[in-house]
Structures are given as C-alpha cells and as structure tokens.
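Q: Could you take a close look at one helix pairing in this model for me, and then walk outward to the rest of the chain? I'd like one connected account rather than a list.

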Amino acid sequence: METQKRGFFQKFLDMIEKTGNRLPHPVTLFALLALLVIVLSAVVSYFGIQAEHPGKEGEIIEVNNLLSSEGIHYIITNMTDNFIGFAPLGVVLITMLGIGVAEGSGLISALLRGFVMSVPKRLITLGLVFAGVMSSVASDAGYVVLPPLGAVLFAALGRHPLAGLAAAFAGVSGGFSANLLLSGTDALLGELTIMSAAIINPEYADGMNIAMNYYFIAFSVIVLTFVGAWVTEKIVEPRLGEYKGEYREKVEKLSPLEKKGLIWASLSVVVAGILVALLVAFPGAPLRGDEADMPIIKSPFMKSLVPIIAFMFFVPGLVYGKVTKLIRNDKDVAAMMSTTMAAMGMFIVLSFTASQFVAFFSESNMGLVLGVYGANFLDSINLKGIPLLLMFIVIAAFINLFIGSASAKWAMMAPVFVPIMMQLNYSPELTQMAYRVADSSTNIISPLMTYFAIIIAFAQKYDKKMGIGTLVSVMFPYSMFFLLFWSLTLVIWMLLGIDLGPGSPIYYGK
C-alpha cells in the first residue's frame, strides 16, 4: 500500500507531517507567543484600539502596553507568580500523584486486561473499544497497554490482529475526552477554561467547576463505543481481509494473586467512596454547600474534586500493590509517585512558558478586546447557533492535525475562543466540550500525536510494511465517524438545552 501512487489524501497527510515537524516545540511555541503578545500589545495600544467591557456597561477597555515601563515591570516582577499560580500546574500534579500509584502498582494494567478478557467473544469488539475509552482515566497508560493487547486478543480469536489494535487505539485516542469517571484531562482543560472565562466575567468563572462536561462525556462513552465497534466490524476488518501471518503470542490471563488484588482494590474503592460521600451527603457535612436548592453543585465538594480524584486512585492502587506485594513499604509508594513526577518534567517546563503567555495575554486586555471584536464580526455575518458550533469544531479538528498536545492547543485557543463565544451567549462549558470533541476525534489520524510512532511499532509486529500512511488509512474511518456522530450528539444536546455537567449550562447569561 505504501508503494502505490500517492493520491491527494496521501499528499495531504505528507503536508501535515512536514508542516507539523517544522513547528517549534510547544515550549518554544509558547515562549514565542508570549513575545508576540508583548509586541502586539504595544502596537495595538499605539493605535488606540479599544472596546466596551462586555460585563460592565459603559466601561471602556484599553489595551495595556507591555513594552511600557509599567508593562516591563509587570513582566519581570510577576514571572514567578505567573508560573506558580498557573492553575493547571498544581491540578495536574496532584491528580497524577494518585494515578501514579494506581499505575505503578499494576492496578490499571490488570483492570484493563481483566475487563477485556472477561467479555464474551461476540461482544469483544465493544468491550475493547469501551476499555479504550475508559482508559483515559489513567492518562496515557491506555496507549501502552490496550493496542498490543487488542491485537493479541483478535489474533487468538482468529481475527485480524490489526483490527484489534485499531479498535483499541480508536477507543484510547479517539475517545480520550469521554469517560464515566473524571480524570486529569477534566482538571487540566477545565482550569484553562475557567481562567479564560474570567477574562469576561470573573464572578461566573468562580462558580465553574472541573466537572463542567461530566454529563456529556459520560453519555459520549455509549456513543463512541458503539460507533467504534461498528466501524471496526463493518469497515476496518473487512478492508484488512484475512490475516495470513503467524499467531505467535498468547493472551496472558490474570494470575490468582492479581485477581485477589482486584477484589480487594474494588472493596477499597467502595469504602473510599463512602468516606467521600459522608463529607457531602448530610446537612452540616464539611464539604456540603449552604444553598438549599443546590447543596452539592454549589459546594466545597465541587471545588475539591482534584484531591478527591487523586484519593480515589491512590487508595485502590495502594491496596492492590500491598496484596500483590508490589508495594512492600512507604518507600515503594514514594518511588511510584517520584517516577510519575519525573515523567511530568516536560509538562512542568511547558507550564512555565504557557503560564507567561496566558498571564501576558490577560494583563494586556487583548483577550477582552479580541473577544468583543470577534463576537461583533460573527454577529455581523449572522453566524450563530449550530453553524457556529460546527465551524469551531472543524477549526479545532484541523489545528489538532498539526499540534498534538491537547493542553497546549487549549492553552492557546481558550483565551481567544472562550470570550468570543461568551459574547455570543454560549457558555465556556459548551466551548470546551466542542473543543474536546474535535481534539479527540482527529487524534487518531495525526502523525504528530505523541504515541503515533509507538502504535506503528506495535502494528509492525503483524505487518512489516506498516507506515504512517497505512496506519492513517486504517484509522481514518474511525476519525470521520467519531467526528460526525459525536458532533451530532453535541448538536442534539445543545438543542435540548441539557446541562453539560453539574451547574454547567449550554448558554451563558441566560
């Protein structure tokens, strides 16, 4: 397939790969964007461009010149505070401490293997895609565990192993923003959205929470699981045909000790869940809110979701590790946490330059001015409602082909698009969900996605000629059908006016 004449689509993919590879590293990209904001603030300020504050009638917004004496003073004296105060930094690191123990102890791997292998043969495709979608709670662990497991499982059943690998990869990557549980992704993107909403309305932003998309992403699990399974069995597997290679690997079943560990870990989750519930369930509970009609939605509990998520991963991870003897003492737990933090090194560096860009953009007031002018432009061409939502999804999906990091893209896009959409009365929560739909759907066809090369390496066990073009051609149907059906689901959700999450409406200001 790689040696055939290259058509338009193959040339398009080549262009994506070459363009993406020429882009600076995200760390450098944010540093350049921060510098660009500084220069633009001086230029825009010089021309006296201003706008009326959207949240305060009669108040005029002027762009602050960051190259002025006051601006340079702000840049130098606030650099440390910008970094330390970057909301996603602490949120992600705390969450990953708990997830690190669950992953390091082997709990995540055992859960995924146990679930996939316990599913009846006739439902194995559904089960594999579902497990892939759910694996996003463990951050990137699903990429390493599930695709090779899916290939081995399909091979053992006499089916094409690449179909199993593709189904798992589609679930893990294409369904990265769908889950029945909250994860680090919700915390990371949510904090960026809250910071961006504060540009227009700090009071509204203060009432937002990281579970802002929970209802929709939970429902999305059902949609993506069935769409992914249908694409596998009706399009991908028939196209791959009969596999004529050798089935050399066997599926490793859970050992008795692993099963025992899972049982005790499950019991510990129940106990931990009860303890958390006691903190909010009854009047006077420490994390319960004071408002009679919404004591949970508007409560300290919703602002405590990050440590609660970490706790709910830490406890079963610790119990599983103790039962399987992979955790012998506190030093093992500390080592697992340390390993997780070491893997977050690049994220910490990225957070430094991203925090400066976000802070400079906010201080310059260009976000407010751009939001007002952008909203006025869209209003002048009468682009609202569903067409506006779909246009944003298409833009985000296209950008995702060139920049793989979901957080990096959203850190760049949120300060621009969230204020614009708020000006048009669409909530920050809806804008974030539209972004997540677009980002996840095209992950599986972006050669610049972090784990794309690893998936190719897994696939080459079964097809030595597997390359970028071949893998993308296999994954393209998943990407298109996910984007189509997920966008349609969001449109229907929008028309019905159902909240996207706890206290998270579709519309802003209504």
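A: Let's start with how α6 and α13 sit against each other in this predicted model: the two helices are roughly perpendicular, because their axes cross at roughly 105° and the range for that label is 65 to 115 degrees. The axes of α6 (residues 107–118) and α13 (residues 256–278) come within 10 Å. As for who does the touching, α6 brings Leu 107, Ala 110, Leu 111 and Arg 113, and α13 answers with Glu 258, Leu 262 and Ala 265. Sorted by class, that contact has 5 nonpolar residues, 2 charged ones and no polar ones.

Now stay with α6 for a moment. Its buried residues are Leu 107, Ile 108, Ala 110, Leu 112, Arg 113, Gly 114 and Val 116. Put that next to the contact list and you'll see that Leu 107, Ala 110 and Arg 113 appear in both. There's a bit of helix geometry worth keeping in mind here: an α-helix has 3.6 residues a turn, so residues three or four places apart point the same way. The length of α6 checks out too: at 1.5 Å a residue, its 12 residues should span 16 Å, and the end C-alpha atoms are indeed 16 Å apart.

You can run that check on α16 (residues 345–364) as well. Its 20 residues should span 28 Å at 1.5 Å a residue, and the end C-alpha atoms lie 29 Å apart, which agrees. Right after α16 comes Asn 365, with a positive phi near 70°. Asn 365 is in the loop between α16 and α17 (366–380), and it takes that positive phi although it isn't a glycine. Lys 325 is another non-glycine residue with a positive phi, again near 70°. You'll find Lys 325 in the loop between α14 (305–323) and α15 (330–343), and at 59% relative accessibility it counts as exposed, because the cut-off for that is over 50%.

Next, α5 (residues 87–104), where a couple of residues are worth a stop. Val 92 is found in α5 and, at 8% relative accessibility, counts as buried. Leaving aside neighbours within four places in sequence, Val 92 is in contact with Leu 188, Met 344 and Phe 347. The C-alpha atoms of Val 92 and Glu 191 are separated by 9.9 Å, with their positions 99 residues apart along the chain. Gly 90 is found in α5 too, but at 34% relative accessibility it counts as partly exposed. Leu 188 turns up again here: Gly 90 and Leu 188 are 98 residues apart in sequence, yet 9.4 Å apart C-alpha to C-alpha.

What about a charged residue that's tucked away? Have a look at Glu 237, in helix α12 (residues 214–240). Glu 237 has a relative accessible area of 16%, so it's buried. Setting aside residues up to four places away in sequence, Glu 237 touches Phe 154, Arg 159, His 160, Ala 163 and Thr 232.

Further along the chain, Thr 431 sits in helix α20 (residues 428–443). Thr 431 is buried, with a relative accessible area of 0%. Beyond residues up to four places away in sequence, Thr 431 touches Phe 392, Trp 410, Phe 417, Val 418 and Met 421.

Then there's Leu 471, in helix α22 (residues 468–496), which counts as buried at 2% relative accessibility. Once residues up to four places away in sequence are left out, Leu 471 touches Phe 452, Ile 455, Ile 456 and Met 466. For one of those partners, Ile 456, the C-alpha separation from Leu 471 is 7.1 Å, and the two are 15 residues apart along the chain.

Finally, zoom out to the whole chain. It has 22 helices and 2 strands, and buried residues make up 55% of its 510 residues. Among contacts between residues at least 6 apart in sequence, 80% join residues at least 24 apart. The accessible surface comes to about 22800 Å², with 65% of that belonging to carbon and sulfur atoms.

Key
Residues are numbered from 1 along each chain as its sequence is written. This is a predicted model: local features need pLDDT of at least 70, side-chain atom pairs count only at pLDDT 80 or more; totals for chains, interfaces and linings use all residues. Side-chain values use heavy atoms; hydrogens and water are left out. Helices (H or I, at least four residues) and strands (E, at least two) are DSSP runs, numbered from the N terminus. The expected span of a helix is 1.5 Å times one less than its number of residues. Axes are lines fitted to C-alpha atoms, for helices over the stretch in contact, and angles run from 0 to 180 degrees between N-to-C directions. Angles under 35 degrees count as roughly parallel, over 145 as roughly antiparallel, 65 to 115 as roughly perpendicular and the rest as oblique. Contact means heavy atoms within 4.5 Å. Ala, Val, Leu, Ile, Met, Phe, Trp, Tyr, Cys and Pro count as nonpolar, Asp, Glu, Lys and Arg as charged, and the others, Gly among them, as polar. Buried means under 20% relative accessible area, exposed over 50%, partly exposed in between (1.4 Å probe, protein chains only). Accessible areas come from the Shrake-Rupley method with a 1.4 Å probe; for residues, only the protein chains shown count as cover.
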